[in-house]
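Hi everyone, and thanks for making room for me today. Have a look at the model on the screen, and I'll talk you through it.

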Amino acid sequence: VLLRMPPCNALLVLTLLLACFSLSQADSKPIMVIDLFRHGARAAYIDTWDTTKVWTKNLGELTNSGMRMHYLLGQKLAQDYPELLGDFDPSRLSIYSTDVNRTIMSAYSHLYGMFSKMKTPLDDHQKKIALPPGLENINVSDYIQDNFSLPNGVQAVPVHIIGRERDYSIAADAGCKNFQSIWQGNLNSSKFQEFLNITKDTRTMIENYAKEYNITIPDLWNYGILADTLISNYYENLAPPVNVSYGSKEWNDLMFFNQWMVTYAYSGELKHLQLMSYNLFQRMFDQLNGKINGTFNKTWSILSAHDTTLLPILAGLGVTTVECMRDKYLGKNNDPQCVFPTFAATILTELYNDREKPYVKIKYDGVYVNPCNTSDSTCTIEDYQKLINQRLQGYTFDDWLVDCGISTKVDPTPDSNSNSSSNPDPNSNPNQNSESDNHTTILIATIAVGVVCIIELFVLVSMMRRKSKKSLDMQNDSSGLLQSA
């Protein structure tokens with residue numbers, strides 16, 4: 001049809017088609033994000049290989065580099081998601097950390113980057129009365145030089161925690177009493193024996209270093225602690241505990257040994273994966289579904305945790321597994337997404353509600369992964385839940401309680417429903433359904449405009465056809481008159 005039209009008419013139709021296409025492909029915005037991350041750089045958490053004795057008093061604590069990493073990450077997320085992370089609004093945030101110093105401090109650093117400046121300073125009246133008992137006569141300028149509540153307008157943000165033994169989702173290894181014995185009971189598995197065979201030379205290297213520095217290695221886990229100490233020292237620009245250069249073959253061998261061991265323990269066998277990922281996946285599903293049905297009114301959910309928290313989720317998504325790590329080390333593949341979650345690694349789950357079915361898109365360290373194998377890396381919540389249920393082979397919370405040797409059926413992990421009295425999140429917003437309603441309205445409006453575009457296009461094409469037919473008839477009439485003449 002376009003080829004038979006005059007050029008100006010064809011151009012008009014093409015423009016209208018492009019406009020309709022652009023409208024249908026408008027940039028979708030998430031209505032909520034679940035922000036699961038590992039803490040930033042830290043000190044070595046076991047002193048077995050601390051040959052330089054730099055970490056004696058600070059084992060496992062977040063370092064200056066670790067704080068900076070999460071501050072920058074928070075800043076970048078605030079830039080990438082301005083609609084969700086604008087001005088600080090506690091009613092829109094859910095923030096939880098494991099009960100460990102480095103994860104709590106990482107959460108605060110992360111939040112400082114997100115909300116780094118208060119908008120409103122204290123007025124004169126507030127400055128006069130904002131004095132604690134006994135300090136009414138102090139010279140405030142000796143303590144703070146600006147007019148904000150805290151120096152430089154720092155925004156205080158609440159972070160919630162649960163005791164580790166009661167945290168079944170982001171600290172499942174502590175909550176599950178039987179976990180250590182279960183995974184260590186699988187050291188004779190074919191996967192682990194293959195790993196020992198692959199890393200035979202690496203273990204010999206570690207044993208030689210132990211003799212050189214008079215170190216006793218109590219178990220295989222402490223073989224891997226050498227790599228952990230190396231990377232901790234590297235981030236703080238400290239001398240390595242042994243003579244190994246960053247990026248050398250020896251370095252890579254040691255890193256693989258440690259990272260594969262940790263990955264195996266937390267996701268390498270089906271039972272490990274079930275124990276360590278089930279409750280966290282369910283917690284995230286509850287938040288996603290709660291946002292859609294109006295029982296979870298947050299726009300940003302933070303979970304500050306550990307590499308051992310991210311690894312089971314990555315394995316459940318099919319991103320980082322012991323198999324792909326082994327093959328990558330042996331040079332059999334070079335999958336860029338098969339990466340161990342290093343300091344400040346992040347998994348972002350974006351929730352959208354601008355289609356017939358709500359869906360998610362998942363980012364690992366800034367790159368979208370595609371667990372549902374779709375053309376646009378999206379995954380409906382329904383399909384996402386089915387996928388994880390299949391990979392966990394129908395595992396249930398009752399199964400988890402039995403496997404972990406826990407007699408009570410009460411799950412102490414915070415309920416995703418922000419209206420629950422057990423959840424210390426801020427009070428719910430009475431307009432909690434408004435965002436989903438707004439997105440539904442936008443979807444209906446988009447469909448309506450699309451229908452109008454199609455109708456207009458149909459009318460325009462019909463008019464063009466009539467015009468072309470009329471011109472052809474006139475030409476035929478003229479030809480008949482000429483022939484008659």
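I'll go from the whole chain to the cores, then to the empty spaces, and end with a few single residues.

One thing up front: this is a predicted model. The chain has 485 residues, and 46% of them count as buried. In terms of secondary structure, there are 16 helices and eight strands. If you take the contacts with a separation of 6 or more, 76% of them are between residues 24 or more positions apart.

Let's turn to the nonpolar cores. How many residues does the largest nonpolar core have? The number is 84, and the residues with the most contacts inside that core are W49, L288, Y384 and W400. Helix α10, residues 249-268, gives the most to this core, with eleven residues. Another core lies apart from it, with 18 residues, including L84, A107, L111 and V157.

Please keep W400 in mind, as it takes us to helix α15, which runs over residues 397-404. Which residues of α15 are buried? They are F397, W400, L401 and C404. Those four sit on the same side of α15, because they cover an arc of only 100° around the axis. The background is familiar to most of you: an α-helix has 3.6 residues a turn, so residues three or four places apart point the same way.

And what do the buried residues of α15 pack against? The partners are α5 and α11, the latter being residues 270-293. For W400 itself, setting aside neighbours within four places in sequence, the contacts are Y168, A172, G175, C176, Q274, L275, N279, Y395 and I406. Right after α15 comes G405, with a positive phi near 70°.

Now for the enclosed spaces. The structure holds five cavities of 30 Å³ or more, and the largest of the cavities has a volume of about 60 Å³. Its lining is made up of S169, I170, A171, A172, D173, M276, H306, T308 and T309. You may recognise A172 from the contacts of W400, and here A172 lines the largest cavity as well. Two helices, α5 (172-175) and α12 (307-316), each supply at least two residues of that lining. By class, the lining comes out as four nonpolar, four polar and one charged.

Next, the open space that I expect some of you will want to click on. How much space lies in the largest pocket? About 1100 Å³. There are 38 lining residues, and those nearest the centre of the pocket are R38, N258, Q259, D307 and F340. The elements giving two or more residues to the pocket lining are α6 (179-184), α9 (220-235), α10, α12 and α13 (322-329). Of these, α10 has the largest share, with eight residues. So far, then, α10 has come up twice: as the helix that gives the most to the largest core, and as the source of the largest share of the pocket lining. The pocket lining divides into 20 nonpolar, ten polar and eight charged residues.

While we are on α10, let me point out S267, which is found in that helix. Is S267 buried or exposed? It is buried, with a relative accessible area of 10%. Beyond neighbours within four places in sequence, S267 is in contact with H272, L273, L311, P312 and A315.

Over in helix α11 we find M284. At 4% relative accessibility, M284 counts as buried. Leaving out neighbours within four places in sequence, M284 is in contact with I34 and I313. M284 and T349 are 65 residues apart in sequence, and their C-alpha atoms are 8.9 Å apart in space.

Last stop: two residues with backbone angles you might like to check. N214 is not a glycine, although its phi is positive at about 55°. Where is N214 placed? It is in the loop between α8 (200-212) and α9. At 72% relative accessibility, N214 counts as exposed. D365 also has a positive phi, near 50°, in a residue other than glycine. D365 lies in the loop between β6 (359-364) and β7 (367-369), and at 39% relative accessibility it counts as partly exposed.

That's my tour, thanks for listening, and I'm happy to take questions.

Terms used. Residues are numbered from 1 along each chain as its sequence is written. This is a predicted model: local features need pLDDT of at least 70, side-chain atom pairs count only at pLDDT 80 or more; totals for chains, interfaces and linings use all residues. Side-chain values use heavy atoms; hydrogens and water are left out. On a 1 Å grid over the protein atoms alone, a cavity is a set of points where a 1.4 Å probe fits but cannot get out, and a pocket is an open set with protein on both sides within 12 Å along at least five of seven lines; lining residues have an atom within 4 Å of a point. Grid points are joined across faces, edges and corners, and a volume is the space filled by probe spheres set on the points. Ala, Val, Leu, Ile, Met, Phe, Trp, Tyr, Cys and Pro count as nonpolar, Asp, Glu, Lys and Arg as charged, and the others, Gly among them, as polar. Buried means under 20% relative accessible area, exposed over 50%, partly exposed in between (1.4 Å probe, protein chains only). The arc is that of the directions from the helix axis to the C-beta atoms. Contact means heavy atoms within 4.5 Å. A nonpolar core is a set of buried Ala, Val, Leu, Ile, Met, Phe, Trp, Tyr and Cys residues joined through side-chain atoms within 4.5 Å.
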